[in-house]
Amino acid sequence: MRNRISVALLAAALTPLAFTLSAPAAHAATAAKPYDFNGDGRVDLAIGAPGATVGGKAKAGAVSVVYGGSSGLKTSTRTLITQNTAGVPGTAEADDAFGTAVASADLNTDGYADLLIGAPGEDVNGDTNDGTVVAIWGSKSGLSGARSVPNPLDEDLDRYGQSLTVGDVEYDGDLDIVIGSTGPVGLTFINGPFTRTSSFQGGSGSGFYDTHSTSYGITSLSLGHVSASWETNLVVHGRKLGTDDAVTHLVTDPSIGNYTDWWQELPSGYVSALGDIDKDGHADIAIGNERETSADPAGAKGGKVTVVYGGPAGVDPSRTPLVLTQDTAGVPGASESGDRFGSGVWLGDLNGDGYADLAVGASGENSGAGAVTVLYGSASGLKTSGVQSLTQNTAGVPGTSESNDRFGARVLLADHSGDGRAELTVSATGENGDGAIWSLRGATTGVTTGGAISFGPGTTGVSTAGGPAYGAALNS
């Protein structure tokens with residue numbers, strides 16, 4: 001079944017969505033862009049470390065936030081958030097995995113972006129791995145104060161918060177929080193608007209149990225404006241029923257109760273990013289599948305990325321998807337088993353020309369040392385000329401490539417400096433056994449290594465005990 005289940009958050013599950021709410025606060029004239037927590041116009045960076053030890057509790061998890069500045073990320077201006085942080089609901093406990101997923105939007109439209117954090121390993125009322133999500137509030141001085149996001153269907157799911165995104169998916173003018181989990185109800189929508197104190201506005205849950213493995217659930221989520229008829233479209237990742245093979249769908253109209261009427265099947269992968277590569281007003285979708293064909297028939301030797309172009313009705317049927325591997329002409333390197341090309345993908349404008357560019361992580365390259373490939377957008381789509389390849393052995397990139405660093409496990413293109421060009425942020429979750437972050441500036445010519453920085457968990461106050469998996473999640 002793929003039917004939508006409406007619920008009232010303050011009533012029993014599966015009851016109709018209807019109850020009285022306290023009035024939400026007045027909306028600000030201009031909402032902040034996602035991840036601009038202090039309202040200065042620059043994108044800040046949230047770094048998930050779900051394996052971090054907190055208060056002696058292994059794998060309790062933590063999130064570091066590094067704020068943007070005129071020269072890019074400033075590690076001197078940062079916030080560390082755990083479940084032991086004052087005002088954050090709950091207590092850091094072993095295996096909570098706080099920071100497995102992050103998402104952001106200006107939930108209360110006060111001009112400061114807020115941060116959502118998933119802790120899918122949280123035990124709730126005796127239910128092991130029930131999971132939880134918390135909202136941390138932005139302000140002029142950064143992040144402070146928090147509240148829990150309700151779980152209206154906790155009896156029908158586990159690992160609530162293993163994936164997250166937020167946007168106006170119901171196109172009613174208010175933001176909605178979208179939360180992935182395991183179990184019969186894999187996807188939960190929490191309706192906005194949101195404030196620090198008012199009641200939540202209800203929600204709904206969706207089951208995929210005739211097509212998706214409920215054991216894996218909804219493993220990853222991304223969103224953007226693809227179809228002309230709907231402001232925000234979701235890309236939903238899971239695993240096929242009875243296998244661990246990837247399955248990916250584009251949600252074109254989530255207001256319809258029967259899911260078979262509002263999704264389109266996409267090339268299968270484990271992560272995705274949306275952005276307008278050709279500047280036609282429709283977001284395009286880059287889907288990463290890092291697995292070998294022996295592990296997933298939809299994979300490729302060394303991994304692959306498939307770029308699907310958007311159009312007025314969702315996927316543009318007139319355009320053949322672009323399949324990229326390291327054997328694609330113009331893409332540096334060669335496809336070798338275990339490269340994991342596509343372990344991370346992101347779309348953003350590095351050179352400031354208005355076309356979204358693509359960053360691809362290959363965290364298994366060279367015995368797990370890792371690499372990142374950058375391709376550039378144009379009016380005709382993604383170009384396979386002028387492609388850049390970066391590793392820790394590239395001149396100007398801090399560090400040295402070593403086995404199992406996993407450079408490129410996650411990638412991000414976001415404008416931390418406010419100059420109109422994105423920086424390239426890369427995580428290497430295996431660096432020194434702990435993980436680390438790199439930030440390289442964007443320029444009119446593309447990525448530049450001048451002024452590149454790198455930092456590890458200790459710089460932002462995260463314990464290195466037990467392997468924190470620093471950088472396992474970045475801005476989504």
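These legends describe close-up views of a predicted model.

**View 1. Strand 11 is covered on both of its faces.**
Strand 11 spans residues 187–191. Five of its five residues are buried. In a regular strand the side chains alternate between the two faces of the sheet. On one side of strand 11 sit Leu187, Phe189 and Asn191. On the other side sit Thr188 and Ile190. All of these residues are buried.

**View 2. Strand 11 pairs with strand 10 and with strand 12.**
Strands of a sheet pair through backbone hydrogen bonds, either parallel or antiparallel. Strand 10 covers residues 176–182 and runs antiparallel to strand 11, with five bridges between them. Look for Ile177, which stands opposite Ile190 in strand 11. Together, strands 10 and 11 make a hairpin, and four residues lie between them. Gly183 is in this turn, and its phi is positive, at about 100°. Strand 12 covers residues 203–206. Its pairing with strand 11 is also antiparallel, over four bridges. Here Leu187 stands opposite Ser206 in strand 12.

**View 3. Strands 5, 6, 7 and 8 make an open sheet.**
The order of the four strands is 5-6-7-8, and the pairing is antiparallel. Which strands lie at the edges? They are strand 5 (101–105) and strand 8 (146–149), and each pairs on one side only. From one strand to the next, the twist averages 25°. Inside the sheet, follow strand 6 (residues 114–119) and strand 7 (residues 132–136). Five bridges join this antiparallel pair. One contact to find is Gly118, whose bridge partner in strand 7 is Val133.

**View 4. Strands 27 to 30 form an open, antiparallel sheet.**
This sheet has four strands in the order 27-28-29-30. Strand 27 (407–414) and strand 30 (446–455) are the edge strands. Each of them pairs on one side only. Neighbouring strands are turned by 25° against each other on average, direction ignored. Strand 28 covers residues 423–428 and pairs with strand 27 over six bridges. Start at Arg410 and look across to strand 28: Ser427 stands opposite.

**View 5. Four charged residues are linked in a network of salt bridges.**
The members are Asp419, Arg421, Glu423 and Arg441. How far apart are the closest N and O atoms of Arg421 and Asp419? The distance is 3.5 Å, and the two residues form a salt bridge. Arg421 is partly exposed, at 24% relative accessibility. Asp419 is partly exposed too, at 30%. A further salt bridge joins the side chains of Glu423 and Arg441, at 3.1 Å from N to O. Glu423 lies in strand 28 and Arg441 in strand 29 (residues 436–443), so this pair ties together parts that are 18 residues apart in sequence. Is Glu423 buried or exposed? At 0% relative accessibility, Glu423 counts as buried. Its partner Arg441 is partly exposed, with a relative accessible area of 22%.

**View 6. Asp40 and Arg42 form a salt bridge.**
The structure holds seven salt bridges. In this one, the closest N and O atoms are 3.6 Å apart. Asp40 is partly exposed, at 32% relative accessibility. Arg42 is partly exposed as well, with a relative accessible area of 24%.

**View 7. Tyr35 and Phe37 meet edge-to-face.**
A pair of aromatic rings is described by the distance of the centres and the angle of the planes. The structure has three aromatic pairs. Why does the pair of Tyr35 and Phe37 count as edge-to-face? The ring centres are 5.8 Å apart and the planes stand at 70°, so the pair is edge-to-face. The cut-off for this class is an angle over 60 degrees. Tyr35 and Phe37 are both buried.

**View 8. Charged ends sit over the rings of Tyr216 and Tyr355.**
Which ring lies under the charged end of Arg239? It is the ring of Tyr216, and the charged end is 4.5 Å from the ring centre. Lys279 has its charged end over the ring of Tyr355. There the distance to the ring centre is 4.3 Å.

How values were computed: Residues numbered from 1 in each chain as written. Predicted model: local features only at pLDDT ≥ 70, side-chain atom pairs only at ≥ 80, totals over all residues. Heavy atoms only, no water. Phe/Tyr/Trp six-rings, centres within 6.5 Å; stacked < 30°, edge-to-face > 60°. Buried < 20%, exposed > 50% of the residue type's maximum accessible area, 1.4 Å probe, protein only. Lys NZ or Arg CZ within 6 Å of the ring centre and 35° of its normal. Pairing = 2+ DSSP bridges. Helix = DSSP H or I, 4+ residues; strand = E, 2+ residues; numbered from the N terminus. Axes fitted to C-alpha atoms, helices over the stretch in contact; angles between N-to-C directions.
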